[in-house]
Amino acid sequence: MQHTVRATTRNMAYSALFAVLSSILMLFEAPLPLLPTWLKLDVSSLPVLFAGYMLGPVWCLAVQGVKSLIALLHTSTGGVGELADFLMGSALCLPATLFYMRGRSVKNAVVGMGVGIVCICAMGVLTNAFLLMPLFLHVSPRELFSGAAAESAGKLFGAASQRNAAITGLASYLVYAVIPFNFVKGVLVCAVTLPIYRRLAPFLTRRAKPEALEE
């Protein structure tokens, strides 16, 4: 019982640290070429993935949730951006964590990251089409798909087309903006996380075993 309490306290402390680091990293963001300016790349999911590898999937989601809640304090999107951040971050980091926890090996880590990248791209398409874009435009998904919200949607996609002429509507926005953005973000976060975690894992865990990530 005492050991469980100590472990929970330790995990909470680590989670708080990772959430703060993630929130700081979220402040450093930049748009990508040919993508709408509101799709800004950052690596704030890196500490979330670290938390998943160190502490497990529950704490991974906890760090992601706290990070998104902190972002609400200075939101400029009425919470839509923060909801997107939570959904995309969870879609990337949770599958990667679950695969890694099946066996702490490079193979499981790489496979999990690959699955996470596929999931964040799929989540991006689904949530933008049925949740995020309707919320941002204050319309229903039915109105968005039927063209009844053509005026408000047209302004948004018109702004996007100034960055990429291939974007002319919702479908092309998903194909030429949402999928590439989430793919690049997922690859970047995973590519940075794996080598850093392999080096730091022995120092970040109490067990301090060099085989924290086995070959």
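**Entry 1. Terms and model**

I take helices to be DSSP runs of H or I with at least four residues, numbered from the N terminus. By that convention I place L156 in helix α7, residues 150-161. I note at the outset that the model is predicted.

**Entry 2. L156 and two distances**

I looked up the exposure of L156 first. Its relative accessible area is 11%, and because buried means under 20%, L156 counts as buried. I then took C-alpha separations from this residue. L156 and H74 are 82 residues apart along the chain, and their C-alpha atoms are separated by 22 Å. For R10 and L156 I found 146 residues in sequence and 45 Å in space, C-alpha to C-alpha. R10 belongs to helix α1 and is partly exposed, at a relative accessible area of 29%.

**Entry 3. Helix α1 and the surface patch**

I stayed with helix α1, which spans residues 2-26. S15 also lies in this helix, and at 8% relative accessibility S15 is buried. I paired S15 with C60: the two are 45 residues apart in sequence, with 8.0 Å between their C-alpha atoms.

V20 is another residue of helix α1. I recorded a relative accessible area of 43% for V20, which makes this residue partly exposed. V20 takes part in a nonpolar surface patch together with L17, L21, I24, L27 and F28. The accessible area of the patch residues together is about 580 Å². As background, I noted that an α-helix has 3.6 residues a turn, so residues three or four places apart point the same way.

**Entry 4. Helix α2**

How many of the residues of helix α2 are buried? I found 11 of the 11 residues buried in this helix, residues 45-55, so helix α2 is largely enclosed by the rest of the structure. Among the buried residues are P47, F50, G52, Y53 and M54. G56 follows α2 and has a positive phi, near 115°.

**Entry 5. Positive phi outside glycine**

I next checked the backbone for positive phi values. Most residues other than glycine have a negative phi. L34, which is not a glycine, has a positive phi of about 70°. L34 sits in the loop between β1 (30-31) and β2 (40-41), and L34 counts as exposed at 55% relative accessibility.

H138 is likewise a residue other than glycine with a positive phi, in this case near 60°. I located H138 in the loop between α5 and α6 (141-146). Is H138 buried or exposed? Its relative accessibility of 73% makes H138 exposed.

**Entry 6. Salt bridges**

I searched the whole structure for salt bridges and obtained two. Side chains of opposite charge can pair when their charged atoms come close.

K185 pairs with D42, and the closest N and O atoms of this bridge are 3.9 Å apart. The bridge links distant parts of the chain, with K185 in helix α8 and D42 in the loop between β2 and α2, 143 residues apart. I checked the burial of both partners. K185 is buried at a relative accessible area of 8%, and D42 is buried at 6%.

K67 pairs with D85, with 3.2 Å between the closest N and O atoms. Here K67 is in helix α3 (residues 57-71) and D85 in helix α4, and these distant parts of the chain are 18 residues apart. K67 is buried, with a relative accessible area of 0%. D85 also counts as buried, at 7% relative accessibility.

**Entry 7. The largest pocket**

I turned last to empty space. Rolling a probe the size of a water molecule over the atoms shows where such space is left. The largest pocket has a volume of about 890 Å³. Which elements give two or more residues to the lining of the largest pocket? I found them to be α4 (80-101), α5 (106-137) and α8 (170-204).

The lining of this pocket holds 31 residues. Nearest the centre of the pocket I listed W38, K40, T77, G81 and A84. By residue class, I recorded the lining as 16 nonpolar, nine polar and six charged.

How values were computed
Residues numbered from 1 in each chain as written. Predicted model: local features only at pLDDT ≥ 70, side-chain atom pairs only at ≥ 80, totals over all residues. Heavy atoms only, no water. 1 Å grid on protein atoms, 1.4 Å probe; cavity = no way out; pocket = protein on both sides within 12 Å on 5 of 7 lines; lining within 4 Å. Points joined across faces, edges and corners; volume = space filled by probe spheres on them. Nonpolar A, V, L, I, M, F, W, Y, C, P; charged D, E, K, R; others polar. Patch = residues over 30% accessible without salt bridge, like charges linked within 9 Å, V, L, I, M, F, W, Y side chains within 5 Å. Areas by Shrake-Rupley, 256 points an atom, 1.4 Å probe, with all protein chains shown as cover. Salt bridge = Lys/Arg side-chain N within 4 Å of Asp/Glu carboxyl O. Buried < 20%, exposed > 50% of the residue type's maximum accessible area, 1.4 Å probe, protein only.
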